[in-house]
Amino acid sequence: METEYKITTMLLDQRWKQRPGGNRIPRYAVAHDTGNEGSTAQQNYKYFNSRNLEASAHVFIDDREILLVIPLSEKAWHVRSQVSDANDWAVGVELCHGGNIIWKEAYQRYVWFFAWLCRNYGWNPDHSVKGHFQLDHARRTDPVSAFKKYGVTFQHFLQAVEAELNTISPVDDEKKHETLYRVQIGSYRQRENALEMLKLAKKAGFDPVIIKTK
Ligand SMILES: [Zn+2]
């Protein structure tokens, strides 16, 4: 990815209901907007870390930062449980917008972060990035309600995530000739065994890939 943004971690206290814990490898991501114009990532952090609440999300993004408040391996309450399994399996990402928040800067970080998730977990944006409005059509309009004000559709957003993701594939000329030192954990005849090791490495916090060779 061309621009690398920093992900800042400021975790909610574990005593709050909105950080119920858990240990999972997420399967998809849900795009939200805070619905609270002008509230920044920091302000959301403060609010969510001040009292027991019925809702939460993993990440808040504004024009300054990508703020991770619940580890992605843990559960968060960001979609009604009756309508989907998102709380158990999805990463909830909130876009902060409106007020003094510079839309372009916030949106770029938001797009980048979804691409980052897709790269890390090997997801295809078309299947693994959902809008909250798609999961809870009866009650929610986010994040398209925020997008609309800036002339962006959900389809544009998915295309932008895909485009961002594609910038990682081509190797540019300068890098082609660099020497790379790869760290290998193991080689396996059975794909399942490789997948098992991949899981362990992910659990340990690494970002592993499987490379097939003959
Ligand atoms: Zn939402």
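**Strand 5 and its surroundings**

Hi everyone, let's start with a helix: helix 1, residues 41–48, lies across strand 3, strand 4 (66–68) and strand 5, and runs at about 150° to strand 3. Helices (H or I, at least four residues) and strands (E, at least two) are DSSP runs, numbered from the N terminus. Contact here means C-beta atoms, placed from the backbone, within 7 Å; axes are lines fitted to C-alpha atoms, for helices over the stretch in contact, with angles from 0 to 180 degrees between N-to-C directions.

This is a predicted model: local features need pLDDT of at least 70, side-chain atom pairs count only at pLDDT 80 or more, and totals for chains, interfaces and linings use all residues. Residues are numbered from 1 along each chain as its sequence is written.

Now the sheet. It is open, has 6 strands in the order 1-4-3-5-2-6, and its pairing is mixed; two strands pair if DSSP finds at least two bridges between them. Strand 1 (7–9) and strand 6 (129–131) are the edges, each pairing on one side only. The twist averages 25° from one strand to the next.

Who are the neighbours of strand 5? Strand 2 (residues 28–33) pairs with it in parallel over 6 bridges, with Tyr28 partnering Ala90. Strand 3 (residues 59–61) also runs parallel to strand 5, joined by 3 bridges, and Ile61 partners Leu95.

Strand 5 is largely enclosed by the rest of the structure, because 6 of its 6 residues (90–95) are buried, meaning 20 or more other C-beta atoms within 10 Å of a residue's own, these atoms being placed from the backbone. Ala90, Gly92 and Glu94 point one way, and Val91, Val93 and Leu95 the other.

Definitions and conventions: Buried ≥ 20, exposed ≤ 12 C-beta atoms within 10 Å, placed from the backbone. Contact = placed C-beta atoms within 7 Å.
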